[in-house]
Structure formats: structure tokens, C-alpha cells
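Here are a few exercises to work through with the model open beside you. Try each task before you read its solution.

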Amino acid sequence: MSQSSATNSEDDSKTANNESVAVDSVIDFKGKHFGLESTSQDSDDYLVSGSEGTMIDVERFCHADYRIEQYAHSVLDFSSQYGIDLSISYTAPNITGRPSKYPEYGDFPQTFAMRTYGAWWDRAPSRLKEIQPQNVSEIPAEDFIVLYFEDYIIPDEIAIFETYNPGAVIRVWAYTIAKTWICLWEDKEFYTKPIYSPSRARRFTPPLKRIQLPTKTIRLEFNHQRLHYYTEIDAVLLSGKKFNTRNMQHLLDYYERQRKVLTLGSILCKLQNMKFRPICRDNYQNRLQHFLMHDLDKFISVLSDVQIQSMQRQQQQQLQSSNTDEMKISKIGLKNMPFEIMLKIFSYLDLKSLFRVGAVSRFLYDVSTHPLLYSELNLKPYWHLASTELLSTLAKRATILKKLDMSWCGCTVQTISPTEFKKFIQQRGDSLTHLRLNSTKFLNASCIDTLGIVCDNLKELSLRNCSPSPPLLNFSCLANLKNLERLDLFQTVIESDLLLTMLENNPKLKHLNLAFCSVAVNMDDVAQHIAKYNKQLISLDMWKAHFLSAQGLLVLSNCHNLEEIDFGWCLREASLGDSLREFLTQCTKLKKLFLAAVRGLTDRDLEYIANLCPNLEQLDLMGVLGISKERYIDILQKCAKLQLLDLCFCDNIMDYDVALWSRTFKVDIKSCQVPNDFR
């Protein structure tokens, strides 16, 4: 088909309370569930009767004693799709409802498919380097989709109907009634287990973690690295015991009590270690007042005695040590190490670990909050924990912020307020050079205005899947940006005049992604501006953008540095004439050339590719019809660096031809039959 000591002491008193919320929001991955997850040994012990029949009460959370099964009702969010919104082929809504193709196996437009497969996009010239790579999990998610179901249930099974190239699902999340995301399943053996290779559809039911919180929102995450070709999903079925919504407030009250218990847990442990028990009377409402009046002096006295005894023991130990061996060399601790070395060590820690180590001691806190450790921030792996409070805390630490990735943060559920993000950019955005906001839903017109005014040093701006059609955001202030080297507007609707202005104002542009660009944007006008103002361009993605003519292709031949180009589903003319030959003659550095569904290609055009592209590594000819077998062999023989060749839905070739060519030329060739309705 991606410092001064005075200042530190002053900040210490100011941030003691403010940082506690943010620390929890980053590091308390397990604690945020508040003990509401259960193991397989848990049992449902308590039975009560109600007007709607027998109910089962687990920790006072009532649900019916019968299971229900429900298919996805709607799609709340997704990161990418193969189809366009104006079509029903390969789009995200196809995943809703009952299966339309399962148990059939094959490539069906009635299913949901995503943009990429395999590792080929990571090998292309446009590949991205991760910001703060130590934050990225061992099995990173490359795509996601969030599904909404009609009824709240206690989930115990999810079935994913995969009808083409199964095996990309790596995580299943649930958004619970307590407004928390819980990971129900993760494929920890993703890279070690054998690749799922049978050519048949699969009803995938991963073993879910048992929880006692109801949900009706499920998020699936995908990694395409091991896929042979695009994966397709027909439907998702969620099963479990139906939740009695009349008990919703009761459950939320219990959840809040559990949160308070955990918050007070550390204080109670300290009191218990000192064997201190405050005397409480039967009147629990006056407990605090009674403690202050009768037990406070005793508490302070006991605490003082403990501190005095501790100091005496330390003095005795020091005296014994000096008397025993006066020549003994004292041990070197962390505080004795040069501060620069400590910073170097801490630079390898992920964000979660930095917050945790900062809670150990004041010295480690000073190191872990140093601005040099926050010059790059990647919050994408913490999308489920990113919040307004966390952003406020990071604003105090990241005083020299250069690179920021907030992709996927605030998607589906808005946990980051546009006001706080705008404030963060106003404080720290003037030094930003790289900004990624892919699939973020907290952006509004005011945020975009602030970005255009404050972030005038940006070299990279990624706004993938940020504005649907019709456009809800006004990007006009982005015309102020004049230093861009990378601009990614994949699946983001933008006005044509603004896009042309941005191209004109950024002559250093090297990477441009306009895939799924608005139908209002004339690609021939874009090509004219690129040829005039952006001659340093290295990669250009126009996949499924609006119509590009042979004349637009011809003017792009002025970009002699192009190494990657994607014209898939974009060049729709019946004949390209000599425009492709001129383009290939001038752009001799091409490593990736995607021409999917370019119906105007002829045998002569493929001869040009074979003779004029000596550096070609990836070639996509999916859906190109009427080409003779000899032209494919010619490309395989002359393009010695070729690694990928997509011939899916191409005619005049057989499966045994593909198998023979793959073995002979050591090239990964994609191939499948041509359906009648594709011709």
C-alpha cells in the first residue's frame, strides 16, 4: 500500500511543595494505580443483592455477574492511517464494528492500515534521531489508535482481528474511570520471539493484567519494525463484566481515599519506626486537635531523644575509628567527586530516574536538577503521565532547553492545559531549536501564535496529525520562522498561502513532509516555490498530497541535492512525458524513490530509473501496471545498491519470478496479486 548557592537555597523552599506533584506524575508508574490491580489469585468474595439481580462486590466496586462482549464503537484518536479522510479505504474508522473480512486473509481496503512497515523509513535520508534517547523504552511504540466502547466493563479479554501481516501490536492500555491509564499488556518478547509468518488471519487475544477499575476506552500501540509489509486490522472486541454505573461515585470516593492513604504512607512509616502512637479518642473528627493539645510535646520530645542518640552514636563511631587507625585513608564519597563527572553520570539517566534520584538527598537533588541535564526533553514515552504540573516543574529546571518532544502528550484526554503550555513556551521557547508536537490535541490558536513569535530559532518543527480537515488552527504566525531545516506537516491541514510563505522564508530547508496535505494546496505551486527558494532540499514527501502534474515534477529537477522523494498517489497524469527523465538526470543522489500508483509510468520511464539512479536503495512501484518483466530485471541488474523493491499489485510478474529475483539479486521484493477492482 515518528548557580549560585544562594539561588539554590532560595529555590529549595519554593519548590518543596510544587515538585511533589510533578515527581509523582513522573515516577509513580505503579503507585498511580493505587492498589486497584489484582493478580490471577484474586477472588471475588463478597455477594450482595440488588434490584438488577445478583451483584459481585470487589473492594466495594459493584459489577454484574455476567460478561458482555462489545466491538469498538468509534475512534477517538490515531497517529497515522494509510487512507485519506475523504475515502473509506484503509482508514481508522474501518476498525469499528464487527469484522467485515475476518477470517479471510489478504489486503482489504475495508480494514485499518497505518503508514509504514518494517525498518525502511528508519534507513531513509529523512530518518529522525530521538531526542533524549535514554527515555525511549526497549520496545518503542511507532503508532497508536484509541478506541471508544459503549459500556463500562471490568476488562478480562480483548480480541484483535488481524487480517494481513499480523504481529505489530506491542501494548494494550485502558483509560479507567479513575482518570488513569493502565497498561494491560506489553509484548516483552517482541524482539526475541519468532516472527509471525503464517499467511492467515489471526484473532489475537493477549493475556491481560487484571484490574478492578472499569473502562470503555482502549489504546493499542504498534511497532512495525519486524513487519514484512503493512499490517491491517479488521475489528477489536472487548469483553468483561459489566459495571454498574450507579456505583460510579462510590468507586471514585474509594479511589480518592486510597490516594490519600498512599500520600500519607511515608509519614506514618516514620512515626511507626520511632514506636510513636498518638492517643486517639472515639471522636475521630477531633483527632488532630486532640493530638496538638495533648501529644505534640511528647512527639517532639521523642523525636529529640532519637536525634540526640543518633548523634552520640556517630561521635562514638568516629572516635573509635580515629583511635584504631589514625593513618587510615578516608573513603571517597559522591560529594568528593568533581561536579562535572557527576553531571556526566547523570546524563545517562532517563527522566524518571532523574526525579527518583533527586529524592535521595539534597546533594543528589542539586545534581539531578542542573539545567544541563534538561537541555533535551522527550516526554513522548511518558504521554500517559504528562500533565500541567509536570510541565510547570520542568519549566524551572530546563532553563537552557534546546530540544523538546511532546508528541502524543495530551492526546485523547487533555491533561495539559493550553495556557500552561503557552506559559512554558514563553519561558523556555526562545532557545528552542527542535520542537515536535505530533498528535497533540492541547494546541489552540493562542499556542500557535506563541510558537511563531517566541521560537524564532527553530530548526525543526514537526506538527504531524495536529490539525484535521476542516482546519481548526490558524498557523499564520508560523510565517515568522526563518531558520527551519525540517518541516513536517504530515496529515495536518494548512493554508496554501501560508505554506508558500514558509517555503519562501526558509531557504535552508532540507527535509519537507507534505503527505496528506490539504486538497486546497496546489502541489505545482509548491514545487515552483521549492525549486526557487529551497534548492538545498534533501527529502520531500508528497505522498497522497493533491495533484502534482508533469510540469511540477519537471521544475523539481532544480533541487540537485535530493536523496529521497515520495510521489506516491500524487502524480496522477496519464503520461509524464520527458519530465521524469529530466528529474532523474539532474537529481543523481537519489537513494529513495517512491512512485506508488503513478499510472503514467511506462517501460521507457523504468529504463531511465535503471540507467540514471546508481545510488538507489529503495524503489516503490506498487500498483504500476503495464510494465514488462524485462524492465524490472534491468533495474535489479543496474541498481547495485538496491535493497527494497515494492512490486505489489503490479501485473505481468509471477510469484516464482519474485522468488528467483530475490535470491539472485539479494533484494527484498514485495509482491502480491492484482485484484480485479484494482485494474
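**Exercise 1. Place K638 in its surroundings.**

Please keep in mind that this is a predicted model. Find the helix that holds K638, then work out what K638 touches away from its sequence neighbours.

*Solution.*
- Step 1: K638 belongs to helix α15, which covers residues 629–638.
- Step 2: With a relative accessible area of 41%, K638 is partly exposed.
- Step 3: Setting aside neighbours within four places in sequence, K638 is in contact with A610 and N611.
- Step 4: A610 is 28 residues from K638 along the chain, yet their C-alpha atoms are separated by 5.8 Å.
- Step 5: The side chains of K638 and N611 are joined by a polar contact of 2.7 Å.

**Exercise 2. Check the cysteines.**

How many disulfides does the model contain? Test your count on C613 and C639.

*Solution.*
- Step 1: Use the cut-off: a disulfide needs two cysteine sulfur atoms within 2.5 Å.
- Step 2: The nearest cysteine sulfur to that of C613 belongs to C639, 6.1 Å away, and C613 is in no disulfide.
- Step 3: Starting from C639, the nearest cysteine sulfur is that of C613, and C639 is in no disulfide either.
- Step 4: By this rule the count for the protein is zero disulfides.
- Step 5: Now look at burial: C613 is buried at 1% relative accessible area, and C639 counts as buried at 2%.

**Exercise 3. Read the faces of helix α11.**

Which residues of α11 (residues 523–533) are buried, and where do they lie around the helix axis?

*Solution.*
- Step 1: The buried residues of α11 are M523, V526, A527, I530 and A531.
- Step 2: Viewed down the axis of α11, these buried residues fall within an arc of 130°, so they line one face of the helix.
- Step 3: They pack against α10 (496–505), β19 (511–513), β20 (539–541) and α12 (550–555).
- Step 4: At the start of α11, a side-chain oxygen of N522 comes to within 2.8 Å of the backbone nitrogen of D524.

**Exercise 4. Step out to the cores.**

Which residues have the most contacts inside the largest nonpolar core?

*Solution.*
- Step 1: This core has 113 residues, and F421 and M542 have the most contacts inside it.
- Step 2: Beyond four places in sequence, the contacts of M542 include M523, V526 and I530, three residues that are buried in α11.
- Step 3: Another core, of 55 residues, lies apart from the largest one; among its residues are I95, F243, F490 and L644.
- Step 4: Across the protein, 51% of the 679 residues count as buried.

Note on methods: Residues are numbered from 1 along each chain as its sequence is written. This is a predicted model: local features need pLDDT of at least 70, side-chain atom pairs count only at pLDDT 80 or more; totals for chains, interfaces and linings use all residues. Side-chain values use heavy atoms; hydrogens and water are left out. A nonpolar core is a set of buried Ala, Val, Leu, Ile, Met, Phe, Trp, Tyr and Cys residues joined through side-chain atoms within 4.5 Å. Buried means under 20% relative accessible area, exposed over 50%, partly exposed in between (1.4 Å probe, protein chains only). Contact means heavy atoms within 4.5 Å. Helices (H or I, at least four residues) and strands (E, at least two) are DSSP runs, numbered from the N terminus. The arc is that of the directions from the helix axis to the C-beta atoms. A polar contact is a pair of N or O atoms within 3.5 Å; within protein, one must be able to donate a hydrogen and the other to accept it, and residues adjacent in sequence count only if both atoms are side-chain atoms.
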